[in-house]
Amino acid sequence: MTVQEFYTEVDGNYDEIMARLKTDARVIKFAGMFAKDDSYNALVRTMQEGNLDDAFRAAHTMKGVCQNMAFTRLFRSSNDITEALRVKDIDRANMLLEQVTSDYQRVMDGIKKLVES
Amino acid sequence: MNRNTDNIEQIVEKNTILIADDAELNREMIKFIFEEEYNILEAEDGEQAISIIQEHTQSVCLIFLDLLMPKKSGLDVLQFMSNEGYINYIPVIMITGEATDETDEKAYEYGAMDIIYKPFAPNVVMRRARNIIELYEKRIDMEKQLEQRTRELVESKEKLEKSNEFLVNALSSVVEFRSLESGEHIHRVKYFTSLFMDYIMKYYPKYGVTKEQAALIVNASALHDLGKIAIPDSILLKPGRLTQEEFEEMKRHTLYGCELLEKFKQEENEFYRYCYDICRYHHERYDGNGYPDHLKGDEIPIWAQVVSIVDVYDALVSKRVYKDPYAVEEAARMIQEGECGNFSPEMLNCFDLARAELFDVTEGKFSFADALQSQ
């Protein structure tokens, strides 16, 4: 799978990431780093614990990372959950977590294929 | 010596960028832009950022600071930098995911130089960072130059003041030498004048005397008897009581001093004015019964009032060709009760305040050299 195909698959912005990182090799390196980033796990864990402050921070970090990676779709859902957590709307956040999880899974699957190829 | 410390400062090259962000990926995103040209230090939270700033103060030339971090936020770090003064020589660029007027406003208020929003274009970030680093380099360089120049100016001013004081002392001791007095009278008058000036500045702000003026007045007090150089030996050194005629001549030393000074008159020069007033008016009295001009009350400049009271005190407690010294308590009583002429309530109050210090010097409780040093 090429980097461009990967960005199409995860509904990201290939042109934007290339403007930023210049080479495919560097994008792959950063994608590997994204896979190791703990903010999604932290978000799930803190929401289960009902710790809204830490959940907000985790969602915020995740959103920032997606922004930097030009993962447009995952950025959108993580941005929505960040805003819900900012105003401590727990019901809405729980609802949005499903979307975040499915978008996140899609990116992680893509990265796996990208790194293997 | 200063040059050496400058060199040491220069050895620590200012080429380190600190990136503070809780997500490694975000740090890397900035790091790869700068790592070829700069050393990079990373902090995962606000606390780490603060300890790196403290440890690497000399080498950090720029900080990228994320707003939302665990332990301490970006704003906490900025606040710390502002409180401790780091913000003046280490520029900070805030990084934030969303632009809100409130946080932007706060970041600038706390001293951030710039704010960039995720996601950012590397070229733009590079350009902005370089501009800011250069700006600070120039500013710090200019401040250093200014400091150096100020130091040099202060040093040369101190040198000038020292030589000035030396010349004034030398000139006044000529007069004392002729009067067969030890040079101590002048030293004591200067020291007593400085005591009085301290109390005047502390308790009588109405006279508006500044520290600098007080220093000039103390220096000028040494010249109070300059005119005695023009008094004939037969009068100046006469052991017995002076005749009325002789006394009238003796009183003229106040005017002779001014004549001497007028030959070197310096218009608008503060120091000249103090010297002149002190020479002329240090025998005036508050009730108008002094000489030579019979000035009254606050017509007598405050610096002349000070020198006249300390001169009287020192004359009373010193041995002279024509008299034995009075005990300090007795001298103080005579001054307070107006037996040596009338002084203003303010001067008498200062005399009371300075009493212990005056007595200590006169009775030799500490050596006079110590007293001068403690000025």
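## Cavities and the contact between chains A and B

The structure, which is a predicted model, holds three cavities of 30 Å³ or more. In the largest cavity lies about 80 Å³ of space. Its lining is made up of 13 residues, and those closest to the centre of this cavity are B:Ser172, B:Val175, B:Glu176, B:Ile186 and B:Asp225. Two elements of chain B, helix H6 (122-178) and helix H7 (184-203), are the ones that give two or more residues to the lining of the largest cavity. Of the elements, H6(B) gives the most to this lining, with three residues. When the lining residues of the largest cavity are divided by class, five are nonpolar, four are polar and four are charged.

The second topic is the interface. Here 17 residues of chain B are in contact with 22 residues of chain A. The size of an interface is often given as the accessible area lost when the parts come together. Between chain B and chain A the buried area is about 1,800 Å², and carbon and sulfur atoms give 62% of that area. Within chain B, the residues that lose the most area to chain A are B:Leu25, B:Met29 and B:Leu68, which together account for 32% of what that side buries. Helix H2 (residues 24-34) of chain B supplies six residues, the largest share of the side of chain B that touches chain A.

The table sets out the classes of residue in the two regions described above.

| Region | Nonpolar | Polar | Charged |
|---|---|---|---|
| Lining of the largest cavity | five residues | four residues | four residues |
| Side of chain B that touches chain A | ten residues | two residues | five residues |

Although the side of chain B that touches chain A includes five charged residues, the count of salt bridges between chain B and chain A is zero. Polar contacts do occur between chain B and chain A, where three residue pairs, with both residues at pLDDT 80 or more, are in polar contact.

Salt bridges are found elsewhere, and a search of the whole structure gives 33 of them over all chains. Side chains of opposite charge can pair when their charged atoms come close. One such pair is B:Glu28 with B:Lys31, which form a salt bridge whose closest N and O atoms are 3.6 Å apart. Both B:Glu28 and B:Lys31 lie in helix H2 of chain B, where they are three residues apart, or about one turn of the helix. Helix H2 of chain B thus holds this salt bridge, and the helix also gives six residues to the side of chain B that touches chain A.

Notes. Residues are numbered from 1 along each chain as its sequence is written. Chains are lettered from A and ligands numbered from 1 in the order in which they are written. This is a predicted model: local features need pLDDT of at least 70, side-chain atom pairs count only at pLDDT 80 or more; totals for chains, interfaces and linings use all residues. Side-chain values use heavy atoms; hydrogens and water are left out. On a 1 Å grid over the protein atoms alone, a cavity is a set of points where a 1.4 Å probe fits but cannot get out, and a pocket is an open set with protein on both sides within 12 Å along at least five of seven lines; lining residues have an atom within 4 Å of a point. Grid points are joined across faces, edges and corners, and a volume is the space filled by probe spheres set on the points. Helices (H or I, at least four residues) and strands (E, at least two) are DSSP runs, numbered from the N terminus. Ala, Val, Leu, Ile, Met, Phe, Trp, Tyr, Cys and Pro count as nonpolar, Asp, Glu, Lys and Arg as charged, and the others, Gly among them, as polar. Contact means heavy atoms within 4.5 Å. Buried area is the accessible area (1.4 Å probe) that two parts lose on being put together, summed over both. A salt bridge is a side-chain nitrogen of Lys or Arg within 4 Å of a carboxyl oxygen of Asp or Glu. A polar contact is a pair of N or O atoms within 3.5 Å; within protein, one must be able to donate a hydrogen and the other to accept it, and residues adjacent in sequence count only if both atoms are side-chain atoms.
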